[in-house]
Amino acid sequence: MMKIMVINGPNLNLLGGREPEIYGQTTLADIVSSLKEKAEQLNCTIIDRQSNHEGEIIDWIHDAKNDCAGLLLNAGAYTHYSYAIRDAISSVQVPTIEIHLSNIYARESFRHTSVLAEVAVGQITGLGSKGYELGLEGLLHYLRGE
Ligand code: DQA
């Protein structure tokens, strides 16, 4: 079965309690469990990871090359400035969809730039926790060449 890696970056372990007016009340555990259900319907398996550390995220992106067909990535604030994460994605060439719960373009100006967007297949921003499921559908659509 096709494996998809899902990586959540810094502060996303706090979802549910973290600025709920921006990020919603759904916890990361809830997001991952709904995503796993969705994955079952779509005939794929989710490998989920979360870290507050840039290097760990980079190591997982490298790992994805070995056995994952694609990557869903919410890199949190690293989105806006981590050239190292961007280079990891372009180095492994694992098709990646960038996810954000909030609409990064409707917030502070430092969030309007994503250094990952150029190396991603696409981006989903502003649709809350539903964005992960939509990202999974979109990624499979892309990978299956539909
Ligand atoms: C985020 C948006 C980022 O700007 C922020 O730093 C996050 C979460 C989102 O999911 O909306 O940590 O990626």
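This is a guided tour of the structure above, with a suggestion at each stop for what to select next.

The model is predicted, so local features need pLDDT of at least 70 and side-chain atom pairs count only at pLDDT 80 or more, while totals for chains, interfaces and linings use all residues. Residues are numbered from 1 along each chain as its sequence is written, and side-chain values use heavy atoms, with hydrogens and water left out.

**Stop 1: the start of the chain**

Select Met2, which is found in strand S1. Helices (H or I, at least four residues) and strands (E, at least two) are DSSP runs, numbered from the N terminus. Met2 counts as partly exposed at 26% relative accessibility; the scale here is buried under 20% relative accessible area, exposed over 50%, and partly exposed in between (1.4 Å probe, protein chains only). Now show its contacts, meaning heavy atoms within 4.5 Å. Leaving aside residues up to four places away in sequence, Met2 touches Asn43, Cys44, Thr45, Ala69, Leu140 and Leu143. The C-alpha atoms of Met2 and Thr45 are 6.2 Å apart in space, with their places 43 residues apart in sequence.

While Asn43 is on screen, check its backbone: phi is positive, about 60°, although Asn43 is not a glycine. Asn43 sits in the loop between H2 and S2. As background, most residues other than glycine have a negative phi.

**Stop 2: the salt bridges**

How many salt bridges does a search of the whole structure find? There are seven, each being a side-chain nitrogen of Lys or Arg within 4 Å of a carboxyl oxygen of Asp or Glu.

Select Lys3 and Asp67, whose side chains form one of these bridges at 3.3 Å, N to O. The pair ties together distant parts of the chain, 64 residues apart: Lys3 belongs to strand S1 (residues 2-8) and Asp67 to helix H3 (residues 54-67). Lys3 is partly exposed at 31%, and Asp67 is partly exposed at 40%.

Next, select Arg107, Glu108 and Arg111. Glu108 pairs with Arg107 at 3.7 Å between the closest N and O atoms, and with Arg111 at 2.7 Å. Shared partners make these three residues one salt-bridge network. Are the two arginines, Arg107 and Arg111, buried or exposed? Arg107 is buried at 17% relative accessibility, and Arg111 is buried at 15%. Glu108, at 37%, counts as partly exposed.

**Stop 3: the cores**

Select Ile4, Leu72 and Leu136. These have the most contacts inside the largest nonpolar core, which has 21 residues. A nonpolar core is a set of buried Ala, Val, Leu, Ile, Met, Phe, Trp, Tyr and Cys residues joined through side-chain atoms within 4.5 Å. S1, H2, S2, S4 and H5 each give two or more residues to this core, and H2 supplies the largest share, five residues. Zoom in on Leu72: its contacts beyond four places in sequence include Ile4, Val6, Leu35, Ile97, Ile99 and Leu136.

Apart from this core lies another, of 20 residues, with Ile57, Ala75, Ile85 and Val115 among them.

**Stop 4: helix H5**

Select residues 130-143. The 14 residues of H5 should span 20 Å at 1.5 Å a residue, and its end C-alpha atoms are indeed 20 Å apart; the expected span is 1.5 Å times one less than the number of residues. Which residues of H5 are buried? They are Gly131, Tyr132, Glu133, Gly135, Leu136, Leu139 and Leu140. Their cover includes S1, helix H2 (28-41) and strands S2 (44-50), S3 (70-74), S4 (96-100) and S5 (122-125). Just after H5, Gly145 takes a positive phi of about 65°.

**Stop 5: H3 beside H4**

Finally, show H3 with helix H4 (residues 83-92). They pack at an angle of about 5° with axes 9 Å apart; axes are lines fitted to C-alpha atoms, for helices over the stretch in contact, and angles run from 0 to 180 degrees between N-to-C directions. H3 and H4 are therefore roughly parallel, a label for angles under 35 degrees (over 145 is roughly antiparallel, 65 to 115 roughly perpendicular, and the rest oblique). At the interface, Glu54, Ile57, Ile58, Ile61, His62 and Lys65 of H3 meet Ala84, Ile85, Ala88, Ile89 and Val92 of H4.

End on Gln93, in the loop between H4 and S4. Gln93 is exposed at 61%, and its phi is positive, near 55°.
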